[in-house]
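Subject: Handing over a structure, with notes

Dear colleague,

I am passing this structure on to you, and I would be glad if you could look through it with the notes below at hand.

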2 protein chains.
Amino acid sequence: MDGCPKNMFHHCSYRVKVLVGEEKYEIVADESLSLLQNLIKSGIPVDNLCGGRGVCGKCAVRAIEGSFSPPTEVEKRWMNILGPNIRLSCQARVLSDAVIELKKMAKVAEGKILTWGVKKETPLRPLVSFQRVKVKPPTLEDQKGDLERLLNVSGGEHYDPLILKDISYLLRESNFEVSLVRYYDEVVDLIPANRDFRILGAAVDVGTTTVVVYLYDLLTGENLGVESAYNEQLRFGEDVISRVEYARRGRDNVEDLRKAVINTINKLIESVSQRIGVDNACIYDMVCAGNTTMLALLLGNDCYYGSIAPYPPPFTSSVRVKARDLGVKINPRGYVRTVPSISMYVGGDIVADIIASRLHEYEGNAALIDLGTNGEIVIKTGEDLFLATSCAAGPALEGYGVRDGMRAVKGAIESVVIDETGRSYYRVIGNTKPEGICGSGIIEAIAWMRIRGIIDEAGKIRKGVSEFVKEDNEGLKFVIVPANASATSREIVLTQKDIRMIQLAKAAIYAALSTLTRVAGLELHVLERIFIAGAFGNYLDIFSAQVLGMLPDIPQEKFSFIGNGSIAGASMMLLSKNFAEEAQAIAKRVKSVELNLIKDFQSEFVKATYIPHMEKERFKNVLNKIKQLTGLM
Amino acid sequence: MDGCPKNMFHHCSYRVKVLVGEEKYEIVADESLSLLQNLIKSGIPVDNLCGGRGVCGKCAVRAIEGSFSPPTEVEKRWMNILGPNIRLSCQARVLSDAVIELKKMAKVAEGKILTWGVKKETPLRPLVSFQRVKVKPPTLEDQKGDLERLLNVSGGEHYDPLILKDISYLLRESNFEVSLVRYYDEVVDLIPANRDFRILGAAVDVGTTTVVVYLYDLLTGENLGVESAYNEQLRFGEDVISRVEYARRGRDNVEDLRKAVINTINKLIESVSQRIGVDNACIYDMVCAGNTTMLALLLGNDCYYGSIAPYPPPFTSSVRVKARDLGVKINPRGYVRTVPSISMYVGGDIVADIIASRLHEYEGNAALIDLGTNGEIVIKTGEDLFLATSCAAGPALEGYGVRDGMRAVKGAIESVVIDETGRSYYRVIGNTKPEGICGSGIIEAIAWMRIRGIIDEAGKIRKGVSEFVKEDNEGLKFVIVPANASATSREIVLTQKDIRMIQLAKAAIYAALSTLTRVAGLELHVLERIFIAGAFGNYLDIFSAQVLGMLPDIPQEKFSFIGNGSIAGASMMLLSKNFAEEAQAIAKRVKSVELNLIKDFQSEFVKATYIPHMEKERFKNVLNKIKQLTGLM
């Protein structure tokens, strides 16, 4: 059927095939409604912020087959940016049977769960194993000890002496048939054979600002749950430097910091265990990724000497410690181990990123950027040169220290566009009234403030340019949500100070990337692949990040998201010894570069504080897109 | 000079050589004074209780050369028992130059310190060692971690992860020159090379009633101090059975018991460390001997199943556990290890006794008796048959549960004789007024009550036989110290109930020895050597113990004291790996015998409750000596 007679009461309908990743759907689309309305009516949620006004560009689809209505004026601007076959579904209508592609369905999740790309073929080879044994009961003629009896059949000699507490009772309860739980070759638990049991493990990303816990079933590899929270160490300092400064002022202070992070981890473990209904004593292994300072503080080392030249880390290898020695509330006979680090400023989180992204297996020139309180950059050249560095971005990208900033949890604005009048359209995690704005939302908001001319290229808010620019005793601010629309009945704003913090963060990241690329003898445009890792991972809008000048002006398809690579790599190490061994090898292979020793790094940083950059020619394509979107500039 | 003219103003003097062990002294002795008076005047302290009345027999010396005054009537009685050349120095006078031998000088010690016979040639091979290393400081070109730097020069890979807390600080404080302390191959500490340090170890006898700690310098082998206290577990039950009963009633109860003994050990460690002025963090190794139940409770196992047939112990091997896991206040990175056990009822204390006595190297037929809350017996025959058993003696032999009983500390009556009127002569530890009576004193007092006819052969106090026999609402009692002579202004007595408890204890020991000897196919009189170990060790008066019927009626010279063999063996294991390995081998070699399964054991026990025994012919020599001493019977 191609074309249909119209009358007042009848609208023509067409069959539209919708490809979403590997899935295929078919819907019946009414010619008189926008494609967006048809999709939503048919139960296919599509991202959109501006309510169909063609402002946000989030509802874009690829037209593969069929006829569509001609582009509207507003749509044309986006097509210049997004490509010729990309249509805004809020503007386009179908005029025939058609095939379209939607990048992904909008999440209707309650909270924001970062996904990551552990390859499906990851071999399940955890350090924890179990063995079912039948122990010979004692007789008057054979009065051997319970322990000796057990070790006799199990054929090992290593055991955690704390199993002696319950060994006698458990052997009798189970009629001498038990499952031995082993960590490597050490018996760490025995469980009556007639009792159900699970063997779980946890991967932890010990971020400077945010701590994330993933819980796994080590017998099946299944991910059972996720939980995240701000690192309680924040109350002692927002960044690594201020925490080391605090730690240095006394032994008790180091203990404060150590307890704060352990406490954070324990609360997360408890909360995820309770939610999915498992006993946290079933967790026998925990792999912690984090920067070198975070891992050192976890073990009670103040890292002070690492903070002064020549910046020696306290340790870089994978340290293994009994859970009870750290006070971590998993099985006390289990272990906590750290992901190995590269140097004081390139830590286990980056090794985990590499493991997760498989950067070391990439054959061309590639980079990895980990966006967090510290930004870390790794460059791998075709010749197998492996360089890494770190820069201080601060906690603002994770929403911390920004006046209305918050973590990416229910109530956070995670995505924003601003129309030509300065009015914001946004999406809130959990579909509630907004309480604040998280990292991905902040980046988009500032990018759009720049697109709409609300801030200038120096990041300065332009007074009087919009009714949403206001002033209070702390200076100018931009209102994203008016008081009557927020969950707190207070305005949600970005202040001049917030914007300055983000400028410093993004400049640090861009300058680190461009400088390290130069040290590797490359130019940015020869990078064939850029892996983006970090706390807000997949939710980062590349275009906004380029408008901001945080990411370089290279084609969007060269960027790959690995999500929270730190937790992904830690998870892979948890699930397979292979990756644990690989991590040790990688940690030794990567060379750490001190940016402060590199000529021109400082001026590179200063230039990068501009939005997108002081040297406009570096962001030609991006600036061109802005022009096309607005007709300005 | 032989003989000298006398006048009113001049007494003749002679030179007397006095041999004491390997030492030789020469004194000038006045003919008109007793040898005892001469010895004491010359600064040679001689044991004596009765003030020179010839009652106690403690001041005996061997006459080797020279003429002496003829024996007095009272002295003749003792000479029949002690041998023809033995004189009571309180009765004898010298009539010429002479040579005498004194077995040992009286101790003027403040407390009672048990000595033991670690052979001087014990090789010092502790598990803890140290290595001084110079670590390469980091540079901008060499940013290896502090840990990796350290392991690089030390050439090992094992370390306690808790050293990571201070590693960075300590390396800088010492300008990168440190002493590594190792436990086997594990680095457990690092100490700046410019700082004094000591490496100490502790041997502990975890007795059911009494806990003893010996502190050693592991670099020199020097014994630095000793401390003992009642086991705080006593408040949960006086013997092993009642504690296991208590433990069984709930998990918290096991923890009560575990904490009680750990607390006892910690107080002792703290007190001995403070007294000799060392930091208890210098203690890296602790070897604990004790019966199987005590060692199991130390590790939190309730031992319940070991208390019912077929009596399987929770463990018998030497268990090693981090000090921090037990809560023992030595260096938290150090270890506590147990002496291996033989069976549920023949524990690590007995293995320690064997190590200390070298019983396993004795070529003839020999026995070992450990006197404590449990009495343990080991028989070794010439054919290398090695049998061991245990019997419940109760805490009375350690002064616990006896009305005026106390430990062998300052203020305790440790030795008693009673004269024909029933009056007691005694020695008090620390030379103060007496507060109570300890095990060795109790045994001597009851033996003398039997000799003087104050109790009959059934142990019953004879009313009206002496002014020192009194009665109160709990029945008959015998007054050793009247109220006005005691430190507490209360009488020190032995009650009928006290005597009954001692009868049960001594009967258990004698019956176990005679039964086990029979099981080994031997008779008591073919034993060539009997090693006596236990809490009151060297202070036991063999003659009194024979009068009581606790020890068999065989010549005194066949008995050897090894003192507290439990702590001696633990000390030897602490000081040398050789002995630790030997202990493991011995634990496997000894066969444990269940007395309750042996025919006639029960009737043997009942007969042995008599004093000395229901079958008088078994104690012919002893009864004969009593007769000679008293002219009675």
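What follows is a short account of the contact between the chains, of some backbone features, and of one sheet.

Please keep in mind while reading that this is a predicted model.

**Where the two chains meet**

A good place to begin is the boundary between the chains, where 44 residues of chain A are in contact with 44 residues of chain B. The area buried between chain A and chain B comes to about 3500 Å², and carbon and sulfur atoms give 55% of it. On the side of chain A, the three residues A:Gln143, A:Lys165 and A:Tyr305 supply 18% of the area that this chain buries against chain B, which is more than any other three residues supply.

Turning to the polar side of the contact, there are 6 salt bridges between chain A and chain B, and one salt bridge to look up in the viewer joins the side chains of A:Glu255 and B:Lys165, with 3.7 Å from N to O. Between the chains there are also 20 residue pairs in polar contact, counted where both residues have a pLDDT of 80 or more. Which elements of chain A give two or more residues to the side that touches chain B? They are helix 3 (146–154), helix 4 (167–173), helix 6 (251–276), strand 13 (320–322) and helix 8 (323–326) of chain A, and helix 4 of chain A gives the most, with 4 residues. Sorted by kind, the residues on this side of chain A divide into 20 nonpolar, 11 polar and 13 charged.

**Backbone features to check**

Most residues other than glycine have a negative phi, and most peptide bonds are trans. With that in mind, you may want to look at the peptide bond from B:Ala309 to B:Pro310, which is cis, with omega near 0°; B:Pro310 has its place in the loop between helix 7 (292–298) and strand 14 (320–322) of chain B. Another cis peptide bond joins B:Ile611 and B:Pro612, and B:Pro612 belongs to the loop between helix 15 (601–608) and helix 16 (620–630) of chain B.

As for phi, A:Tyr184 has a positive value near 50°, and this residue lies in the loop between strand 7 (177–183) and strand 8 (186–192) of chain A. Is A:Tyr184 buried, exposed or partly exposed? Its relative accessibility is 47%, so A:Tyr184 counts as partly exposed. B:Phe176 also has a positive phi, of about 65°, and is found in the loop between helix 4 (167–173) and strand 8 (177–183) of chain B; with a relative accessible area of 8%, B:Phe176 is buried.

**A sheet in chain A**

Finally, chain A has an open sheet of 3 strands in the order 19-18-20, with mixed pairing. Strand 19 and strand 20 (436–437) of chain A stand at the edges, and because each has a single partner strand, one side of each is left without a neighbour in the sheet. Strand 18 (residues 412–418) pairs with strand 19 in the antiparallel sense over 5 bridges, whereas strand 18 and strand 20 pair in the parallel sense over 2 bridges. A:Ile413 shows both pairings, since its bridge partner in strand 19 is A:Val428, and its bridge partner in strand 20 is A:Ile437. Strands 18 and 19 of chain A form a hairpin with 5 residues between them, and A:Gly422 in the turn has a positive phi of about 95°. In strand 19 (residues 424–428) of chain A, 4 of the 5 residues are buried, so this strand is largely enclosed by the rest of the structure.

With kind regards

Methods:
Residues numbered from 1 in each chain as written. Chains lettered and ligands numbered in written order. Predicted model: local features only at pLDDT ≥ 70, side-chain atom pairs only at ≥ 80, totals over all residues. Heavy atoms only, no water. Contact = heavy atoms within 4.5 Å. Buried area = accessible area lost by both parts, 1.4 Å probe. Salt bridge = Lys/Arg side-chain N within 4 Å of Asp/Glu carboxyl O. Polar contact = N/O pair within 3.5 Å; in protein donor to acceptor, adjacent residues only side chain to side chain. Nonpolar A, V, L, I, M, F, W, Y, C, P; charged D, E, K, R; others polar. Buried < 20%, exposed > 50% of the residue type's maximum accessible area, 1.4 Å probe, protein only. Pairing = 2+ DSSP bridges.
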